[in-house]
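Welcome! Here is a short briefing to read alongside the sequence and the 3D view, arranged by topic.

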Amino acid sequence: MFSFRMTVLKILHNHIDGCVSDLGIKDFDKRELLADAGRQPAPSESFVKILHCLFLSADFVSCDGTVQGDNFAAFIADGHNNMDQLPAALKSCVDGLKGTPEERSFQLYRCMFGQHKFEM
């Protein structure tokens, strides 16, 4: 099971604020993104756009939606006690990604946290 440290949450919150501003989205509750991980929220268009921007900002994905696995692994390693499970879990998620870069980011998010091995 994964538990975010406060430093990591602060970094994510900072990226989210920038993404919301850059995308011109009003009235977005960032708890929707952080608190609902693993609960499979129904994705609004704003949610998917902000998530993709967050993943771009954190260098988890490239502009075309290609997953940067090493960066993703380095990020979640802090506070994580089952890193040996990450390569197989990440591969199974990445292998199923399709669609636009935004859709791919959401699919990665949903797949990784839906496994309940890497929860926020």
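Reading from the N terminus, the elements of the protein follow the order α-α-α-α-α-α. Please keep in mind that this is a predicted model. The protein has six helices and zero strands, so the notes below concentrate on how helices meet and which way their residues face.

**Overall picture**

- Of the 120 residues in the protein, 39% are buried.
- Among contacts with a separation of 6 or more, 58% join residues 24 or more positions apart.

**How α3 meets α6**

- Two packed helices are described by the angle between their axes and the distance between the axes.
- For helix α3 (residues 45-57) and helix α6 (residues 101-114), the axes come within 8 Å and cross at roughly 85°.
- An angle of 65 to 115 degrees counts as roughly perpendicular, and α3 and α6 are therefore roughly perpendicular to each other.
- On the α3 side, the contact is made by Phe 47, Val 48, Leu 51, His 52 and Phe 55.
- On the α6 side, Pro 101, Glu 102, Glu 103, Ser 105, Phe 106, Leu 108 and Tyr 109 take part.
- Sorted by class, this contact of α3 with α6 holds eight nonpolar, two polar and two charged residues.

**How α5 meets α6**

- Helix α5 (residues 86-94) also has an axis that comes within 9 Å of the α6 axis, and the two cross at roughly 140°.
- Angles over 145 degrees would count as roughly antiparallel; α5 and α6 are therefore oblique to each other.
- The crossing in which α5 passes α6 is right-handed.
- Leu 86, Ala 89, Leu 90 and Cys 93 of α5 meet Leu 108, Cys 111 and Met 112 of α6.
- By class, the contact of α5 with α6 comprises seven nonpolar, no polar and no charged residues.
- Leu 108 of α6 is worth finding in the viewer, since it is listed in the contact with α3 and also in the contact with α5.

**The two sides of α4**

- Which residues of helix α4 (residues 69-77) are buried? They are Phe 72, Ala 73, Phe 75 and Ile 76.
- These buried residues cover an arc of only 160° around the axis, which puts them on the same side of α4.
- An α-helix has 3.6 residues a turn, so residues three or four places apart point the same way.
- Turned away from the buried side, the other face of α4 carries the exposed residues Asp 70 and Ala 74.

Notes:
Residues are numbered from 1 along each chain as its sequence is written. This is a predicted model: local features need pLDDT of at least 70, side-chain atom pairs count only at pLDDT 80 or more; totals for chains, interfaces and linings use all residues. Side-chain values use heavy atoms; hydrogens and water are left out. Axes are lines fitted to C-alpha atoms, for helices over the stretch in contact, and angles run from 0 to 180 degrees between N-to-C directions. Helices (H or I, at least four residues) and strands (E, at least two) are DSSP runs, numbered from the N terminus. Angles under 35 degrees count as roughly parallel, over 145 as roughly antiparallel, 65 to 115 as roughly perpendicular and the rest as oblique. Contact means heavy atoms within 4.5 Å. Ala, Val, Leu, Ile, Met, Phe, Trp, Tyr, Cys and Pro count as nonpolar, Asp, Glu, Lys and Arg as charged, and the others, Gly among them, as polar. A crossing is left-handed if the near helix is turned anticlockwise from the far one by less than a right angle, and right-handed if clockwise. Buried means under 20% relative accessible area, exposed over 50%, partly exposed in between (1.4 Å probe, protein chains only). The arc is that of the directions from the helix axis to the C-beta atoms.
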